[in-house]
Amino acid sequence: MIELVPLLMFLAVCGLLMFGYPVAFTLGGTALLAAGLGIVAGVFDAELLRAFPDRLYGIMQNGTLMAVPLFVLMGVMLERARIAEELLVNLALVFSRVPAGMAVSVVVVGALLAASTGIVGATVVTMGLMSLPTMLKRGYSPTLASGTICATGTLGQIIPPSIALVLLGDTLSNAYQRAQLSAGIFNPQPVSVGDLFVGAIIPGLLLVTAYIIYLLFVARHQPADTGDRGEVNLSQILKSLLPPIALMLLVLGSIITGIATPTEAAAVGALGAGLLAYSRGALKWQRAGEVGRSTLQVTAMVFAILIGASLFSLVFRGYDGEELVTGFFTNLPGGVIGATLLVMLAIFLLGFILDFIEITFVVVPIVGPVLLAMGVDPVWLGIMIAINLQTSFLTPPFGFALFYLRGVAPESVATAAIYRGVMPFIAIQLLVLCLLAIWPALATWLPGRLS
């Protein structure tokens with residue numbers, strides 16, 4: 001019975017989260033309850049809990065995680081500067097003669113926002129407010145319009161700089177070092193957030209291309225007004241395009257070339273976003289306070305979940321949960337392929353009920369060391385998990401992108417239409433995931449060339 005405690009802990013967390021309990025307190029509370037009962041029953045070593053303060057100190061001292069509040073600050077600042085509004089208006093004119101031109105412009109703007117901010121909620125809400133009413137007026141079906149906006153918002157998960165990739169990079173780095181140490185390698189090679197950023201470039205562009213191809217295909221069977229065919233103002237388009245592209249190149253370029261670490265690049269990005277907002281007259285004291293509060297809320301949520309997950313993983317390991325997981329995957333038919341397939345399936349199914357942060361902090365530390373010890377490439381695994389986690393924003397009943405859009409969509413757009421609209425895009429994400437599984441070089445080739 002004792003060997004089943006780790007499984008019962010995991011099931012308890014999933015069940016409590018479905019009832020709406022806060023994630024951080026659910027993780028920490030479940031761990032403390034399991035540890036307390038184990039101490040009373042004499043099956044859990046209380047001395048293990050002495051390691052928790054050291055873990056907590058390690059989280060606070062983690063330089064990589066400092067990139068999280070800085071990237072959040074950059075994203076919130078750019079959202080307040082209304083950069084998306086100018087981009088959408090001008091690119092809608094550029095693509096006005098293309099079938100489904102408005103939808104294509106939404107995807108392109110969403111990709112640029114993802115490369116500039118990486119915040120899913122901000123992108124979905126911004127696009128929902130600006131483009132959804134216009135798309136409906138121009139003849140787009142509610143399903144196609146809402147699906148396009150929701151799916152575009154999730155690009156912030158995979159296109160760097162992505163907060164999800166920062167968190168995944170830190171988690172996988174720890175898992176990779178543990179896997180190497182368990183294999184007797186006492187000089188472990190690290191996997192950095194920068195490696196994941198570079199590895200995500202080709203899959204991210206592939207996903208954007210697949211979205212556009214799908215929209216052009218649908219446009220043949222669902223004609224819609226492609227929008228205003230007014231005169232295209234080249235100078236205005238360049239004025240709206242150059243700032244986000246320059247910021248993207250500044251942040252990503254400094255990481256890829258090795259000039260700066262992801263945390264240092266995030267600091268530069270936050271400063272650049274502030275200067276951009278100031279140049280547009282959008283950085284007033286009241287707005288600066290709003291940006292600060294939003295950044296603090298998101299950062300506090302992330303670190304609170306990370307602390308709860310750290311306590312959960314400590315108690316999980318205290319009950320020999322890692323040995324349970326290792327034995328299970330080792331005995332699976334198909335070896336490393338079967339184990340990886342099962343993990344990807346499990347993450348996809350958990351995405352229906354859990355957020356990407358919860359999966360990153362709870363599931364990945366459990367299964368990551370096992371897969372990495374079996375020889376799986378850490379960069380490839382990280383990108384596979386990141387694309388898989390994208391679906392958690394779109395899969396009902398708890399897909400956050402669906403909730404974000406529902407909150408700003410007109411009442412004429414039924415919730416069922418939003419749910420139906422994301423289904424083809426979920427299929428596209430899974431297709432790209434399959435392509436990445438068949439050709440791992442899509443994720444590993446560019447990091448290998450730049451290393």
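This passage describes helix packing, aromatic pairs and two individual residues in a predicted model. Residues are numbered from 1 along each chain as its sequence is written, and side-chain values use heavy atoms, with hydrogens and water left out. Because the model is predicted, local features need pLDDT of at least 70 and side-chain atom pairs count only at pLDDT 80 or more, whereas totals for chains, interfaces and linings use all residues.

Helix H12 (residues 201–221) takes part in two of the packings described here; helices are DSSP runs of H or I with at least four residues, numbered from the N terminus. The axes of H12 and helix H21 (residues 415–438) come within 10 Å and cross at roughly 140°, where axes are lines fitted to C-alpha atoms over the stretch in contact and angles run from 0 to 180 degrees between N-to-C directions. The two helices H12 and H21 are therefore oblique to each other, a class that holds what remains once angles under 35 degrees are taken as roughly parallel, over 145 as roughly antiparallel and 65 to 115 as roughly perpendicular. The crossing of H12 and H21 is right-handed, that is, the near helix is turned clockwise from the far one by less than a right angle. On the H12 side the contact (heavy atoms within 4.5 Å) includes Leu 207, Ala 210, Tyr 211 and Tyr 214, which meet residues of H21 including Phe 425, Ile 428 and Gln 429. By class, this contact of H12 with H21 has 13 nonpolar, 1 polar and no charged residues, with Ala, Val, Leu, Ile, Met, Phe, Trp, Tyr, Cys and Pro counted as nonpolar, Asp, Glu, Lys and Arg as charged, and the others, Gly among them, as polar.

H12 also packs with helix H22 (residues 441–450), their axes coming within 7 Å and crossing at roughly 135°, which makes H12 oblique to H22. Ile 201, Ile 202, Pro 203 and Leu 206 of H12 make this contact with Leu 442, Ala 443, Trp 445 and Leu 446 of H22, and the residues involved divide into 8 nonpolar, no polar and no charged.

Helix H16 (residues 321–330) packs with helix H18 (residues 356–373) at an angle of about 50°, with the axes 10 Å apart, and the crossing is right-handed. Here Val 325, Thr 326 and Phe 329 of H16 meet Ile 366, Val 367 and Val 370 of H18. Val 364, likewise in H18, is buried at a relative accessible area of 0%, where buried means under 20%, exposed over 50% and partly exposed in between (1.4 Å probe, protein chains only). Beyond four places in sequence, the residues that Val 364 touches include Leu 168, Thr 171 and Ile 385.

Arg 178 of helix H10 (residues 163–182) is partly exposed, at 27% relative accessible area. Leaving aside neighbours within four places in sequence, Arg 178 is in contact with Arg 317, Glu 322, Pro 365 and Pro 369; Glu 322 lies 144 residues away in sequence and 11 Å away in space, C-alpha to C-alpha.

The structure holds 5 aromatic pairs, in which rings of Phe, Tyr and Trp (its six-membered ring) have centres within 6.5 Å, with planes under 30 degrees apart counted as stacked, over 60 as edge-to-face and the rest as tilted. Phe 312 and Phe 316 form a stacked pair, 6.1 Å centre to centre with 25° between the planes. These two residues are 4 residues apart in helix H15 (residues 285–318) and so are separated by about one helical turn. Phe 312 is buried at 2% relative accessible area, and Phe 316 is buried at 6%. Ring pairs also link Tyr 211, Tyr 214 and Phe 425 into a cluster.
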